[in-house]
Amino acid sequence: MNKKILAEGIGTMVLVLMGCGSAVLNGGATSVAALLTIAFAFGLSVVAMAYCIGHISGCHINPAITVGVWLNGGMKGKEAGAYIMAQVAGAIVGSGILYSISSTLGIEGTGANGYTEGALVPALISEIVFTFIFVLTALGATSKGASRNSGFAGLAIGLCLVLVHIVCIPITGTSVNPARSIAPALFAGGVALQQLWLFIVAPLIGAVIAAVVWNTFEKKQA
């Protein structure tokens, strides 16, 4: 197996296990402290994996980032497709591990994303905009122009994800990552699967917008 593909699978597994695990095993975002715990669990997972596998695969661990990098000319379409498949597979493994732990403990929930009735439009806008911000940050932090600060790229991206979660958790539980949403929804079923389309489509739209904006920035710098 290509080491980049393996790295992406493992990285996404860690992200889902730790991020969703913080929500499921701590009873959800029922207080400000719990919300911050979940937000930092996702962000710190990205930071840890960025410094662990970043030099191997770039540590996308998110199809939205992979799409952004591909559209920005950072990788070929075939490799991007392989990355995305590895990310989804890794996410499913992470959710499977979490489900085996939580179900044994009698704890319900998988960390699936969702929105309340009548909140489709706010959920759609939120996921598009926050994914745009997150992917734009990832593209900028890892760009050639930011090379002098490359040692801090993982920290910047991880902290951006923390920020996104703090604002977006009350709206959708925060996806900004189709793989992170697909896996928990498969184990949750029901409404989570019915609403899953939004957490695939919206992040990809946000990623496309981020790539277009970043390409514009790079052209102006040229």
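1. Half the chain is tucked away: buried residues (under 20% relative accessible area, 1.4 Å probe, protein chains only) make up 50% of the 222 residues. Bear in mind that this is a predicted model, where local features need pLDDT of at least 70, side-chain atom pairs count only at pLDDT 80 or more, and totals for chains, interfaces and linings use all residues. Residues are numbered from 1 along each chain as its sequence is written, and side-chain values use heavy atoms, leaving out hydrogens and water.

2. On overall dimensions, the radius of gyration over C-alpha atoms is 16 Å, which agrees with the value near 17 Å for a compact globule of 222 residues (the rule being 2.2 Å times the number of residues to the power 0.38). The C-alpha trace spans about 55 × 40 × 30 Å along its principal axes.

3. As for secondary structure, the protein chain has nine helices and zero strands (DSSP runs: H or I of at least four residues for helices, E of at least two for strands, numbered from the N terminus).

4. UniProt, in an unreviewed entry, lists "transmembrane region" for residues 5-25, 31-53, 80-99, 119-140, 152-176 and 196-217; such annotations may be inferred rather than shown by experiment. In the model, residues 5-25 are 100% helix, with end C-alpha atoms 29 Å apart. Residues 80-99 are also 100% helix, and there the end C-alpha atoms are 28 Å apart.

5. Now the packing of helix 1 (residues 3-25) against helix 4 (residues 77-104): the angle is about 35° and the axes are 7 Å apart. Axes here are lines fitted to C-alpha atoms over the stretch in contact, with angles running from 0 to 180 degrees between N-to-C directions.
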